Amino acid sequence: MSANTIERNQSANLLPEDGQPVWLFGYGSLIYKVGFEFLEARQATLDGWKRRFWQGSHDHRGTPERPGRVVTLMPDSQARCTGIAYRVSPDVFSHLDVREKNGYLRLFKPLTLNDGDSVDALVYIATEDNPAFAGPAPEYDIAARILQCQGPSGPNADYALALAGALRHMQVEDPHVFEIERQLRAMLAADNKPHYSSEAG
Ligand code: SIN
């Protein structure tokens with residue numbers, strides 16, 4: 001599959017044709033950097049999925065030569081991922097499909113809202129078979145990589161720290177994200193600046 005998923009997401013025709021609002025689940029940048037209009041926003045959980053910094057970012061927090069790392073969801077029957085559910089007009093997806101084009105497929109998943117209601121929500125998930133998938137690595141290595149990367153949307157470290165801060169504010173426990181945040185802060189304190197470089201790698 002191509003890393004650019006715009007065509008695939010738009011031809012899947014999952015959006016209601018009558019323009020009725022749909023639920024969208026955000027678990028990464030869609031939590032802390034919204035950038036689209038919504039009718040309602042609620043904390044929500046997706047059972048059977050875990051949030052991981054396992055997706056490469058060629059277009060926002062890195063470059064094709066030096067991809068950063070951003071979050072995707074991985075299936076895990078023991079896990080649950082907490083994020084924000086937004087009720088949105090289907091119009092927002094023309095913008096979001098471009099924003100999430102680097103490997104993310106827009107899929108319907110069953111979601112539990114904070115009042116216990118169940119809804120089907122669209123979720124952008126970068127599956128293992130996409131060419132930008134970076135895969136598992138120790139949290140220390142992920143943090144070290146994040147510290148070295150930046151892209152058109154800014155430093156990769158800003159993404160990771162903003163996500164960790166937003167989850168803490170929501171009182172969500174995410175040991176993977178918080179460990180990467182801890183490592184990043186330790187690296188930043190030791191050296192006091194990110195290690196950007198134009199070298200490939
Ligand atoms: C999301 O936030 O739901 C998708 C991943 C990202 O944009 O960070």
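The shell around the ligand in this predicted model is made up, by class, of 6 nonpolar, 3 polar and 1 charged residues. Its members are Phe25, Gly26, Tyr27, Gly28, Ser29, Leu30, Val71, Glu100, Tyr104 and Tyr159. Glycine is counted here with the polar residues, and tyrosine with the nonpolar ones. Two elements, strand S1 (22–26) and helix H2 (29–32), each supply at least two residues of this shell.

Where does the ligand sit with respect to the pockets of the protein? The space that the ligand takes is the largest pocket.

Among the residues of the shell, Gly28, Glu100 and Tyr159 are considered next for their distances to oxygen atoms of the ligand. In Gly28 the atom concerned is a backbone N or O atom, whereas in Glu100 it belongs to the side chain, as it also does in Tyr159. The table lists the distances.

| Residue | Protein atom | Ligand atom | Distance |
|---|---|---|---|
| Gly28 | backbone N or O | oxygen | 2.8 Å |
| Glu100 | side-chain N or O | oxygen | 2.9 Å |
| Tyr159 | side-chain N or O | oxygen | 2.5 Å |

A polar contact requires a pair of N or O atoms within 3.5 Å. The pair at Gly28, at 2.8 Å, meets this cut-off, and so do the pairs at Glu100, at 2.9 Å, and at Tyr159, at 2.5 Å. On its own the ligand has 250 Å² of accessible area, and the protein covers 97% of it.

The protein as a whole has 6 helices and 7 strands. Read from the N terminus, its elements follow the order α-β-α-β-β-α-β-β-α-β-β-α-α.

Along the principal axes, the C-alpha atoms fill a box of roughly 55 × 35 × 30 Å. The radius of gyration is 16 Å, which agrees with a compact globule, because a globule of 201 residues would have a value near 17 Å.

Key
Residues numbered from 1 in each chain as written. Predicted model: local features only at pLDDT ≥ 70, side-chain atom pairs only at ≥ 80, totals over all residues. Heavy atoms only, no water. Near = heavy atom within 4 Å. Polar contact = N/O pair within 3.5 Å; in protein donor to acceptor, adjacent residues only side chain to side chain. Areas by Shrake-Rupley, 256 points an atom, 1.4 Å probe, with all protein chains shown as cover. 1 Å grid on protein atoms, 1.4 Å probe; cavity = no way out; pocket = protein on both sides within 12 Å on 5 of 7 lines; lining within 4 Å. Sits in = over half its atoms within 2 Å of the grid points. Helix = DSSP H or I, 4+ residues; strand = E, 2+ residues; numbered from the N terminus. Rg over C-alpha atoms; globule rule 2.2 N^0.38 Å.
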